[in-house]
Amino acid sequence: MPTLEDLYQSVEIEHARRAYRERYWRAPALWAEECIVWRPDLGERGLHAYQAAALDDLVRHGREAVRSLHGVGKTMIAALAVLWFGTTRDGLPGGWKVPTTAGSWRQLTKYLWPEVHKWARRLRWERLGRGPFTQNELLDLSLKLATGEAFAMASDDPAHIEGAHAAHMLFLFDEAKSIASGMYDASEGAFMGAETEERLVLAISTPGVPSGRFYQICSRKPGYEDWHARHV
């Protein structure tokens, strides 16, 4: 039977978690500023302005597309979005999910998920109100917390994404120019679940040939007015 001290401690933990969610729920750039250990000795000064804007626009618009050349920090945006979303939504009724996919499996295994691991090692756990992720929580290609999961999935079978349902959903498309239109459509279908309360999509990519869904989104073609497109 729990002691009075145990009950007080559980109340304090829940209060801290609630305060954490309230502060960072719609403020991923602020979350990155305050919940990441930045390394000035490595030349780090926090997010670049466009990275902060892209993260906050994801919340503001719901669908954010970012295109740029290599080496400007797009994958960092995606990794921080995964960690912000999972830790601020965990513990709520209805659960959360972050399906992550890319134009190639190598993009997920060699770039995106290693970047998630990199920034997970920099989290300021006292801000999050919990200890570091355990080996059962942060795996090679997934983050499994109490009420949700972020995970890697191949982009060659849109049917796999249709079963992804939760109250809070973030779809992440990496090297989005190479992802077939069917995967975008399947993500929209997953959003149609009656239990889904929150729907966010982040698509990042280098520019490609003038065709495909990512090109249509970034070109502001008719029918994609609900996307916010950013060119760095």
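Trainee: In which loop is Arg220 found, and what is notable about its phi?

Mentor: Most residues other than glycine have a negative phi. In this predicted model, Arg220 is found in the loop between α8 (213-218) and β8. Its phi is near 60°, a positive value in a residue other than glycine. Arg220 counts as partly exposed, because its relative accessibility is 42%.

Trainee: Where is Glu175 found, and is it buried or exposed?

Mentor: Glu175 is found in the loop between β6 and α7 (181-191). At 14% relative accessibility, Glu175 counts as buried. Phi of Glu175 is also positive, near 45°.

Trainee: Which residue follows α3, and what is the sign of its phi?

Mentor: Gly62 follows α3, and its phi is positive, near 90°.

Trainee: How does the span of helix α3 agree with its number of residues?

Mentor: Helix α3 covers residues 49-61, and at 1.5 Å a residue its 13 residues should span 18 Å. The C-alpha atoms at its ends are 18 Å apart, so the expected span and the model agree.

Trainee: Which residues of α3 are buried, and what covers them?

Mentor: An α-helix has 3.6 residues a turn, so residues three or four places apart point the same way. In α3, the buried residues are Tyr50, Gln51, Ala54, Leu55, Asp57, Leu58 and Val59. Their cover includes the helices α2 (28-35) and α4 (74-89), together with the strands β1 (63-67), β6 (168-174), β7 (198-205) and β8 (228-231).

Trainee: What does His61 in α3 contact beyond its neighbours in sequence?

Mentor: Leaving aside neighbours within four places in sequence, His61 is in contact with Asp226 and His228. The C-alpha atoms of His61 and His228 are separated by 6.4 Å, although the two residues are 167 residues apart along the chain. His61 counts as partly exposed, at 36% relative accessibility.

Trainee: And Val66 in strand β1: is it buried or exposed?

Mentor: Val66 is buried, with a relative accessible area of 0%. Beyond four places in sequence, its contacts include Ala54, Lys74, Leu202, Phe214 and Arg230.

Trainee: How should the packing of α2 and α4 be described?

Mentor: Two packed helices are described by the angle between their axes and the distance between the axes. For α2 and α4 the angle is about 95°, and the axes are 10 Å apart. That angle makes α2 roughly perpendicular to α4. The residues of this contact divide into 6 nonpolar, 1 polar and no charged.

Trainee: Which residues meet there?

Mentor: From α2, Pro28, Trp31 and Ala32 meet Leu80, Leu83, Trp84 and Thr87 in α4. Trp31 also touches residues outside α4, including Tyr20, Tyr24, Ile36 and Leu123.

Trainee: How many residues has the largest nonpolar core, and which have the most contacts inside it?

Mentor: In soluble globular proteins, nonpolar side chains tend to be buried together. The largest nonpolar core here has 46 residues, and those with the most contacts inside it are Trp31, Trp113, Phe133 and Leu202. Helix α4 gives the largest share of this core, 10 residues. Another core, of 23 residues, lies apart from it, with Ala65, Ala166, Phe173 and Trp227 among its members.

Trainee: Finally, what does Ser142 in strand β4 touch?

Mentor: Not counting residues up to four places away in sequence, Ser142 touches Trp113, Glu137, Glu149, Ala150 and Phe151. Ser142 is buried, with a relative accessible area of 8%.

Note on methods
Residues are numbered from 1 along each chain as its sequence is written. This is a predicted model: local features need pLDDT of at least 70, side-chain atom pairs count only at pLDDT 80 or more; totals for chains, interfaces and linings use all residues. Side-chain values use heavy atoms; hydrogens and water are left out. Helices (H or I, at least four residues) and strands (E, at least two) are DSSP runs, numbered from the N terminus. The expected span of a helix is 1.5 Å times one less than its number of residues. Buried means under 20% relative accessible area, exposed over 50%, partly exposed in between (1.4 Å probe, protein chains only). Contact means heavy atoms within 4.5 Å. Axes are lines fitted to C-alpha atoms, for helices over the stretch in contact, and angles run from 0 to 180 degrees between N-to-C directions. Angles under 35 degrees count as roughly parallel, over 145 as roughly antiparallel, 65 to 115 as roughly perpendicular and the rest as oblique. Ala, Val, Leu, Ile, Met, Phe, Trp, Tyr, Cys and Pro count as nonpolar, Asp, Glu, Lys and Arg as charged, and the others, Gly among them, as polar. A nonpolar core is a set of buried Ala, Val, Leu, Ile, Met, Phe, Trp, Tyr and Cys residues joined through side-chain atoms within 4.5 Å.
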